Amino acid sequence: MLKNFANAPLVSQLDPQLRFLRSYEEIRPYAHHCKEMIIRVDFEAMMSIALQEARASKQSGNKGYGAVVVLGHRILSKAHTTAVTEKDSGLHAEVNAVRQAVQVSGDSNLSGAILFSTCEPCPMCSALAVQANLTTKVYGVSIEEIAQSREAGICIGAKDVVEKSSVMMEIIGNVLRDECKSLYG
């Protein structure tokens, strides 16, 4: 499995879409070195997929949130909110996407993975991202902006949750902000 290298913030400071990955599978059992790479993740393309999921959520009678989990160039999962149709208030887009990503990867440690979400993850979803050891959260519109235009549950930003944890996680907002905000107006 690809894992995010410890100095990833140095690479992403050059360009937020750059990621340094190391494949540990290639060092076991016989390789003399591991495979390392710097890749560029297209944030707008991934957010566009999250937007498609959000639209599918609205069409099915849910609240219209979408999420995607990406590791390197591989989409591990894409999901949308199903809380209304499945009658389970915990089934947010991010929860569904992280659960699917864990199943696909076969590992509950999603280090190196990026969570894309149409809206800044709520405290529950942010805590799940911390527990899953995601490396980065990218969102479209902030939870604060959503609270101004409609009812929002708990207006605590993702950065607030991450700052209280021991995990180092980048949080990048406003990717396709206007397109995402139009879902919730």
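**View 1. V68 stands opposite F116 of strand β6 in this predicted model.** The model is predicted, not experimental. V68 belongs to the pairing of strand β4 (residues 66–71) with β6. These two strands run antiparallel and are joined by 5 bridges. On the other side of the pairing list, F116 also stands opposite V138 in β7. Strand β7 (residues 136–141) pairs with β6 in the parallel sense. Here too the count is 5 bridges. Strand β6 itself spans residues 113–119. How many of its residues are buried? The count is 7 of 7, so the strand is mostly covered.

**View 2. Strand β6, helix α4 and strand β7 form a β-α-β unit.** The unit is right-handed. Helix α4 covers residues 123–131. Its two flanking strands, β6 and β7, are parallel partners. Just after α4 comes N133, with a positive phi of about 65°.

**View 3. Helix α4 has five named buried positions: P123, C125, S126, A129 and V130.** Why do they lie on the same side of α4? Because they cover an arc of only 165° around the axis. The buried residues of α4 pack against α3 (93–105), β6, β7 and α6 (158–163). A129 is also among the contacts of L134.

**View 4. M124 sits in helix α4.** Is M124 buried or partly exposed? At 37% relative accessibility, M124 counts as partly exposed, because the buried class ends at 20%. Beyond its neighbours within four places in sequence, M124 is in contact with G90, H92 and V95. I156 is 32 residues from M124 along the chain. The C-alpha atoms of M124 and I156 are separated by 9.9 Å.

**View 5. The largest nonpolar core contains 47 residues.** Which residues have the most contacts inside this core? They are V69, F116 and L134. Helix α2 (residues 43–59) gives the most to this core, with 7 residues. In soluble globular proteins, nonpolar side chains tend to be buried together. F116 links this view to the strand pairings, where its opposite residues are V68 and V138.

**View 6. L134 is in contact with residues from several parts of the chain.** Leaving aside neighbours within four places in sequence, its contacts include V69, V98 and L110. A113, I114 and L115 are on the list as well. So are A129, V167 and M169. V69 and L134 are both among the residues with the most contacts inside the largest nonpolar core.

**View 7. L71 lies in strand β4.** L71 is buried, with a relative accessible area of 8%. How far apart in space are L71 and L134, C-alpha to C-alpha? The distance is 9.7 Å, across 63 residues of sequence. Strand β4 is the antiparallel partner of β6.

**View 8. The cysteines form 0 disulfides.** Why does C122 make no such bond? Its closest cysteine sulfur is in C125, at 3.7 Å, too far for a bond. The cut-off for a disulfide is 2.5 Å between sulfur atoms. C122 is buried, at 16% relative accessibility. For C180, the closest cysteine sulfur is in C119. That separation is 8.6 Å, again too far for a bond. C180 is buried too, at 0% relative accessibility.

**View 9. K87 has a positive phi in a loop.** The value is near 50°, in a residue other than glycine. K87 is found between β5 (74–80) and α3. With a relative accessible area of 74%, K87 is exposed.

**View 10. L176 has a positive phi in a loop.** Phi of L176 is near 50°, and the residue is not glycine. The loop runs between β8 (170–172) and α7 (177–182). Is L176 buried or exposed? L176 is buried, with a relative accessible area of 15%.

**View 11. The whole chain sets the context for the close-ups.** Its secondary structure comes to 7 helices and 8 strands. Of the 185 residues in the chain, 51% are buried. Among contacts with a separation of 6 or more, 56% join residues 24 or more positions apart.

Methods: Residues are numbered from 1 along each chain as its sequence is written. This is a predicted model: local features need pLDDT of at least 70, side-chain atom pairs count only at pLDDT 80 or more; totals for chains, interfaces and linings use all residues. Side-chain values use heavy atoms; hydrogens and water are left out. Buried means under 20% relative accessible area, exposed over 50%, partly exposed in between (1.4 Å probe, protein chains only). Helices (H or I, at least four residues) and strands (E, at least two) are DSSP runs, numbered from the N terminus. Two strands pair if DSSP finds at least two bridges between them. A crossover is right-handed if, with the strands pointing away from the viewer, the path from the first strand over the helix to the second runs clockwise. A nonpolar core is a set of buried Ala, Val, Leu, Ile, Met, Phe, Trp, Tyr and Cys residues joined through side-chain atoms within 4.5 Å. Contact means heavy atoms within 4.5 Å. The arc is that of the directions from the helix axis to the C-beta atoms.
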